[in-house]
Protein chains: 2
Amino acid sequence: MDLFTAIEQRHCYRGGFTPDLIPRDHLRQIVQAGLQAPSGCNAQTTTFVIVDDPARLAEIAAILDRKPVREARALIVCIAEHRPVYNGLSFAVEDCAAAVENILLALTGLGYASVWLDGVLRVNDHARKIRKILGVPETREVRILLPVGRPSEPVTAREKLPFEKRAWFNQYENLT
Amino acid sequence: MDLFTAIEQRHCYRGGFTPDLIPRDHLRQIVQAGLQAPSGCNAQTTTFVIVDDPARLAEIAAILDRKPVREARALIVCIAEHRPVYNGLSFAVEDCAAAVENILLALTGLGYASVWLDGVLRVNDHARKIRKILGVPETREVRILLPVGRPSEPVTAREKLPFEKRAWFNQYENLT
């Protein structure tokens, strides 16, 4: 798929998924796109667990009981390692987000859909529970979860502000 | 350009740029890719100033005196608005990083190169100085700066860990 088509067609998808299994070759290709994302000082602080075992998927869906998680054929669990890499600064959040964006584009390019689940992991102890199930060390944070599958419903765009409201040449335009 | 080719060919580039001007159509297309990135609760907290005025470019290069900034034909200044959008959480850093990744892929697809400048803005008051030059309100943060141009030197990949060291199926593999 063309790059700009993928960027345009990537939308957050909160619907259900078809029962089609996802070949591991596709899962590898999708996560590989995440590994190729930039990271602060090339520290590569983001790691991934790709869950495609039905029993394990069910365990996670029991914690995060939402339609795309229940029906996902795979979950990509994105794990951040917070550690200073430059002048006392950690770029773990940026690293993880850039990797996730590559992953979302890659899965869109292969005909899958997903939704970036993030804040919901940080309530009700969800992230810690998933961390324990997957054997992730305490020093790392389950930061973002991406349910993946072939969408069984239309994938629709959310409304976005036009260019003129968010970008300007040479001078910030204070709209407030 | 094919999506996966763009993902593979995007590298941080710290070299010089040719004197070729960048058409505004390209700059708009590149930043539009950033606007299409996802954001937490669709809050669209990232805004942009695209600097292509030579006098303004020189003002910023006087603050951040580095080769890609000095020789850039345009700078994309990425601005974050930190505000809670879900359960007291702000996703401004994630939003900005996802937008930047789309922008880096878009400019790669059009034959340009860039480098993600981030931590360097947060030392020596650099971000605040650039914020003032561009008229960005105090409530927003100049977070990431992307120098853009046609590379005048080879764009080379930095070494990355292989898949097996950063991703696993169904269970985290503790390598330490």
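Author: Before we start, a word on superposition: copies are laid on each other by least squares on the C-alpha atoms of residues with pLDDT of at least 70 in both. pLDDT is the predictor's confidence in each residue, from 0 to 100.

Reader: OK, so what RMSD do you get for chain B on chain A, and by what turn?

Author: The RMSD is 0.0 Å, after a turn of 180° and a shift of 0.0 Å along the axis. The two copies are thus related as by a two-fold rotation axis.

Reader: What sort of model is this, and how is it numbered?

Author: This is a predicted model, where local features need pLDDT of at least 70, side-chain atom pairs count only at pLDDT 80 or more, and totals for chains, interfaces and linings use all residues. Residues are numbered from 1 along each chain as its sequence is written, with chains lettered from A and ligands numbered from 1 in the order in which they are written.

Reader: What pLDDT does chain A average, and what ipTM does the complex get?

Author: Chain A averages 97, and 98% of the residues score at least 70. For the complex, the predictor gives an ipTM of 0.97 and a pTM of 0.97.

Reader: On to the interface. How many residues does the contact take from each chain?

Author: It takes 61 residues from chain A and 61 residues from chain B; residues are in contact if their C-beta atoms, placed from the backbone, lie within 7 Å.

Reader: Which element of chain B gives the largest share?

Author: H5(B), with nine residues of the side that touches chain A. Helices (H or I, at least four residues) and strands (E, at least two) are DSSP runs, numbered from the N terminus.

Reader: Why do the copies meet through the same surface?

Author: Because 100% of the interface residues of chain B are also interface residues in chain A.

Reader: Now the sheet. What's the strand order?

Author: E4(A)-E1(B)-E2(B)-E3(B), an open sheet of four strands with mixed pairing. Strands pair if DSSP finds at least two bridges between them. The edge strands are E4 of chain A and E3 (141-148) of chain B, each pairing on one side only.

Reader: Do tell: is E4 of chain A parallel or antiparallel to E1(B)?

Author: Parallel, over three bridges, and Ala167(A) stands opposite Phe48(B) in E1(B). By contrast, E1(B) and E2 (residues 74-80) of chain B pair in the antiparallel sense over six bridges, with Thr47(B) opposite Ile79(B) in E2(B).

Terms used. Two residues are in contact if their C-beta atoms, placed from the backbone, lie within 7 Å.
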